[in-house]
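Open the model in a viewer and keep the sequence panel visible. The stops below are meant to be selected in order.

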Amino acid sequence: MSTINANQPALENSETPEVAVESAQPAVDASNAEANGAATATVSEIVPVAASSDATPSAPESDTSDNEDFDMDFASILAGFEESHKSEINENELVKGRVVKITDQVVVIDVGYKSEGIVPINEFKEGDQIVVKPGDEIDVFVKQLENNEGYVELSRADAIRMQTWDQIEKASRDAVTLKGRVTDRIKGGLRVDIGGIQAFLPGSQVDVRPVRNLDSFRNKEIEVRVLKVNKKRGNIVLSRKVVLEESINLLKDQTFKDLEEGIIKDGQVKNITEYGAFVDLGGIDGLLHITDMSWGRIQNPNELFKVGETIQVKILKFDRDKERVSLGYKQLIPDPWATTVERYPVGTRVNGKVASVTDYGAFIELEPGVEGLVHVTEMSWSKRVKHPSKLVGVGQEVEAVVLEVDQNSRRISLGIKQIEINPWDTINERYGIGTRVKGRVRNLTDFGAFVEIEDGIDGLVHVSDISWTKRIKHPSEALKKNQEVEAVITAIDIDGRRLSLSIKDLEPNAWDRFFDTHRLGDVVTGKVTRFANFGAFVELEDGIEGLCHVSELSEQHVDKPEDAVKVGQKSQFKILKMDREARKIGLSARAVGKDEPIIEVRNYSSSDTGMAGLFEVADFNRGDDSSKN
């Protein structure tokens, strides 16, 4: 059966058209043809069939006018058919169609037009799967009413794109939430695909809080709200922040109703800082401070929690007006300090790990949440610990003795040196008064020198015990730091942890020797060393000085000692007074060569603190001077 189009030439008069006519076929109008979805019309659909039942039609009359009438009727009928098959569709508009056929290359769709439409098969594929089947009704976009092959050129992708634009514009007007997939990170934000339409999500609109890593949103499906849309320019601006804020506000209202101090609530770790973690309780963020995370020591909150983790917390404080919530995590378990007195009696030996080291000591973790302090002075009996790090390090296992427990202040004092025997407890077994010892000068002070005679045992050499004869104002005049010296133990105080040493006692006492070899009335030679307003000081031997009162310098009356003698001058003097205990010697230049009895003088009152314990002579009671005049 051949097809005829409107441009077919007229038939010659003498010829009968070779048209196969179906018997008893009713005439088909344009509406029936459209209903049947025919792309092309057959002659039997256009020309009425003969009433006769014969298979062969009657021969046309030879009249030329009859042939012309036939041609005109046929053309008119064909034109009417084509006109009736034309739906009111135009290019660049959205129409509905029905899938007629699917081939390897295209999907054939009837859109109610005189010819069928085609869509590339790829527009109906999701991966390798075709998502339509014959009979499905779908929306398509008319790209061209008739292409070179006579088909209507359609597009499913463009139809979806147009529908998406409509949805986006409607969502913008009605403030409706849309779903989109993040395809890429671009300058200033993210690119989001909404049904094939590319939109822009600014970085400031990604979350309610600043997002440092926008790349983490790649390929994620998110809910957004349309802030701005311009179809002509193809611009769409989105906001995820608005959607989150609305959701948070709904959660916040409900959370506010349920929140009370003291309750336990689940929350999600939202952010971690150096000082704690923020936990989302349901639209409200609570702060879990680092001090409320554990009874034990925590250097960084990341040691316990991770962002996104769901944890249980206790509401410690809740300020409804300021919307501030303080949370606790360690409060969910018993406080280990509540029973420290019972579990750590004084004197108990304990094992622990060094948690931290400071300038003044080391903190030892006895158990999670319980630490004790070993002060630097409690680390060693013998070693001079300049810094605790010289003896212990973080993570080191140590043994210690409990010295004190203060449960209220949450403090435990520990000692490491108590593990060993205190050398002071046995010092009497090793040393006694008068024992000669050797040691190293460890430190010098204004009042003396500390000499280490063994590890942990120091003795003090007072500045007055350095020499019998030399006048030493500061120990550095005779000793140096780290110098090896010998000394004699003069006193031992075990309770006070004190040991007194003397260097001068290594030699005989020069004063005792002088008093043993001299008597009152002896004449000695001496050198004037210095003056006082009451007399002159005379050096008799190395370190041995005596005082000659101004009244004993000359037979003549002398107001000032420098009027009678000079510094450095050597002269002879008679010993008038000797005081062994006070180490004082009274001299007289005037009495030399005179055989007169020694008259007891009045007591001296010294205001000078010289090496020999020098003194002032107030007056010599030499009798009544007026009787001599």
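The tour visits a barrel, then a set of paired strands, then a loop residue.

This is a predicted model, in which local features need pLDDT of at least 70 and side-chain atom pairs count only at pLDDT 80 or more, while totals for chains, interfaces and linings use all residues. Residues are numbered from 1 along each chain as its sequence is written, and side-chain values use heavy atoms, with hydrogens and water left out.

Start with β18, β19, β20, β22 and β21: in that order they make a closed barrel of five strands with mixed pairing. The twist from one strand to the next averages 50 degrees (axes are lines fitted to C-alpha atoms; angles run from 0 to 180 degrees between N-to-C directions). Strands are DSSP runs of E, at least two residues, numbered from the N terminus, and two of them pair if DSSP finds at least two bridges between them.

Within the barrel, select residues 361–367 (β19) and 370–375 (β20), an antiparallel pair with six bridges. E367 lies opposite V370 of β20.

Next select β28, residues 523–532. Five bridges join β28 to β31 (residues 570–579), antiparallel; here G526 has S571 as its bridge partner. β28 also pairs antiparallel with β29 (residues 535–541), over five bridges, and F531 is partnered by A536. β28 and β29 form a hairpin with two residues between them.

Finish at E552, in the loop between β30 (544–549) and β31. Is E552 buried or exposed? E552 counts as buried because its relative accessibility is 2% (buried means under 20% relative accessible area, with a 1.4 Å probe and protein chains only). Add S588 to the selection: its side chain and that of E552 are joined by a polar contact of 2.3 Å. A polar contact is a pair of N or O atoms within 3.5 Å; within protein, one must be able to donate a hydrogen and the other to accept it, and residues adjacent in sequence count only if both atoms are side-chain atoms.

Definitions and conventions. Helix = DSSP H or I, 4+ residues; strand = E, 2+ residues; numbered from the N terminus. Buried < 20%, exposed > 50% of the residue type's maximum accessible area, 1.4 Å probe, protein only.
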